[in-house]
Amino acid sequence: QVQLVESGGGLVQAGGSLRLSCAASERTFYTRTMGWFRQAPGKEREFVAGISWSGSRTYYTDSVKGRFTISRGNAKNTVYLQMNTLKPEDTAVYYCAASSSISLIPNIPNEYDYWGQGTQVTVSS
C-alpha cells in the first residue's frame with residue numbers, strides 16, 4: 001500500500017501560477033501510474049493530468065493543455081503539477097491518485113487504487 005500527501009494549494013489571482021506536490025510514501029508497484037484529479041462544489045471529480053512510471057507518457061484533459069504540466073521528481077516518489085495561467089474555473093480541491101496498472105484509462109477515477117486527502121486551489125477573478 002501507499003500513502004499520498006498533497007501540498008502547494010492556495011489562493012491566487014487569475015493569470016497566476018501554483019505548483020502542487022504529491023509525496024508518496026515510496027515508489028512502488030502501487031505508483032506505476034500517477035494522476036491528478038479535481039472536484040469543484042456541485043461537480044463530479046474530474047481528471048486533470050496523468051503520468052507513467054518513467055514519466056515518458058503524460059496525459060491531460062483538454063481544458064488544461066498548454067497551461068498545466070505534470071512531472072515526476074528525480075527520486076520518483078514525488079509528482080508535481082505545475083499550473084500556469086490559472087483561471088477562475090480551475091478553482092477546486094485537487095487530489096493526487098496512484099495506480100498499480102500501466103494499462104489503464106487515465107481519466108477514469110475508478111482506475112486508481114489510492115488517493116490523497118486533497119489540497120484547495122482558489123483562483124480569484
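## Ser52, Thr33, the disulfide and the nonpolar core

The side chain of Ser52 comes to 3.4 Å from the backbone nitrogen of Ser56, a polar contact (a pair of N or O atoms within 3.5 Å; within protein, one must be able to donate a hydrogen and the other to accept it, and residues adjacent in sequence count only if both atoms are side-chain atoms). The model is predicted: local features need pLDDT of at least 70 and side-chain atom pairs count only at pLDDT 80 or more, whereas totals for chains, interfaces and linings use all residues. Residues are numbered from 1 along each chain as its sequence is written, and side-chain values use heavy atoms, with hydrogens and water left out.

Ser52 lies in the loop between strand 5 (46-51) and strand 6 (58-60); strands (E, at least two residues) are DSSP runs numbered from the N terminus. Thr33, by contrast, belongs to strand 4. Buried residues are those under 20% relative accessible area (1.4 Å probe, protein chains only). The table sets out the two residues.

| Residue | Relative accessible area | Side-chain polar contact |
|---|---|---|
| Ser52 | 4% | backbone nitrogen of Ser56, 3.4 Å |
| Thr33 | 5% | backbone oxygen of Ser101, 2.6 Å |

Contacts (heavy atoms within 4.5 Å) are given here without residues up to four places away in sequence. On that basis Ser52 touches Arg32, Arg57 and Arg72. Thr33 also touches Arg72, and its other partners include Ile51, Ala97, Ser101, Leu104 and Tyr112. Between Ser52 and Ala24 the C-alpha to C-alpha distance is 15 Å, with 28 residues separating them in sequence.

One disulfide (a pair of cysteine sulfur atoms within 2.5 Å) is found in a search of the whole structure. The bond joins Cys22 to Cys96, with an S to S distance of 2.0 Å. Distant parts of the chain are thereby linked, as Cys22 is in strand 3 and Cys96 in strand 9, 74 residues apart. Both cysteines, Cys22 and Cys96, are buried. Their link is left-handed, with -80 degrees about the S-S bond.

A nonpolar core is a set of buried Ala, Val, Leu, Ile, Met, Phe, Trp, Tyr and Cys residues joined through side-chain atoms within 4.5 Å. The largest has 27 residues, and Leu4, Trp36, Leu81, Met83 and Tyr94 have the most contacts inside it. Among the elements that give two or more residues to this core are strand 3 (18-24), strand 4 (33-39), strand 5 and strand 9 (92-99). Tyr94 is in contact with Trp36, Leu81 and Met83, among others, leaving aside neighbours within four places in sequence.

Note on methods: Helices (H or I, at least four residues) and strands (E, at least two) are DSSP runs, numbered from the N terminus. Buried means under 20% relative accessible area, exposed over 50%, partly exposed in between (1.4 Å probe, protein chains only).
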